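Trainee: I'd like a close look at a single part of this model, please: the aromatic ring pairs, and what lies around the helices that carry them. Take all the room you need.

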Amino acid sequence: MQQIIRFLATGCFISYLPPLVFPFKKNTGAGFLGTLLGVPLVWVLPQDPTLYAIAMLAFWVFAVIVCKKVQFKGQAGHDNPKIVIDEIAGYLAAMAFLPRTWPYFVAAFVLFRTFDTLKPWLVKTFDRMENAFGIVFDDVCAGLFANILLQLITIFVVRG
């Protein structure tokens, strides 16, 4: 059972791939790859806003449960870098209620990764929580920040 939980938490073991670009750095690129897994998931989720919200909320709950149950031998830390299901949950938040066009997919990706990396105020608050809820919701919060910014850009710039 633990192998199935680990499979889900690591995005089908995507976080076990060798480090990207800079193998000597702490950052392995697993968060980037995990976020990429969110892109096709957004494509298959319902387009109806209510159904998307229900599916997204259900995924957040699922992600918290998976993070609570996953275990890694010999690796400490509450937010293990091999866990990427939280990045997927965050990207779902970043794309919520936005048009499903490539400019939005890319903008949501870039903004989400930026907020997740910089960890502004509320994102950092969740990141400091040493539990499964904190593991998931620092990324969800980063995704919501990206989404709010994109919603504002859409309202004030795109629509004029």
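Mentor: Happy to! Let's settle the term first: rings of Phe, Tyr and Trp count as a pair if their centres lie within 6.5 Å, with the six-membered ring used for Trp. Bear in mind that this is a predicted model.

With that rule, the count comes to 13 aromatic pairs. One of them brings together W43 and W102, whose ring centres are 5.9 Å apart; their planes meet at 55°, so this pair is tilted. As W43 lies in helix 2 and W102 in helix 5, the pair ties together parts that are 59 residues apart in sequence. How covered are the two partners? W43 has a relative accessible area of 39% and is therefore partly exposed, since that class runs between 20% and 50%. W102 reaches 53%, so this residue falls in the exposed class, over 50%.

Ring pairs also build a cluster, which links W60, F126, F133 and F137. F126 leads us on to D138, because F126 is among the contacts of D138 beyond four places in sequence, where contact means heavy atoms within 4.5 Å. The other residues on that contact list are D79, D86, D116, K119, V123 and D127. With K119 there is also a polar contact between the side chains, at 3.2 Å. D138 sits in helix 7 and has a relative accessible area of 1%, so D138 is buried, under the 20% limit.

From D138, follow the contact with D86 into helix 4, where D86 is a buried residue. Helix 4 spans residues 85-94, and ten of its ten residues are buried. Y91 is one of them, along with I85, E87, I88 and others. What covers these residues? The cover includes helix 2 (30-44), helix 5 (102-118) and helix 7 (132-158), as well as helix 1 (2-9) and helix 3 (49-69). Helix 2 and helix 5, which carry the tilted tryptophan pair, are thus both part of the cover over helix 4.

Now go back to helix 7, where L144 offers a contrast to D138: L144 lies in this helix and, at 36% relative accessibility, is partly exposed. L144 belongs to a nonpolar surface patch together with I148, L149, L152, I153, I155, F156, V157 and V158. Together, these residues have about 820 Å² of accessible area.

Terms used. Residues numbered from 1 in each chain as written. Predicted model: local features only at pLDDT ≥ 70, side-chain atom pairs only at ≥ 80, totals over all residues. Heavy atoms only, no water. Buried < 20%, exposed > 50% of the residue type's maximum accessible area, 1.4 Å probe, protein only. Helix = DSSP H or I, 4+ residues; strand = E, 2+ residues; numbered from the N terminus. Phe/Tyr/Trp six-rings, centres within 6.5 Å; stacked < 30°, edge-to-face > 60°. Polar contact = N/O pair within 3.5 Å; in protein donor to acceptor, adjacent residues only side chain to side chain. Patch = residues over 30% accessible without salt bridge, like charges linked within 9 Å, V, L, I, M, F, W, Y side chains within 5 Å. Areas by Shrake-Rupley, 256 points an atom, 1.4 Å probe, with all protein chains shown as cover. Salt bridge = Lys/Arg side-chain N within 4 Å of Asp/Glu carboxyl O.
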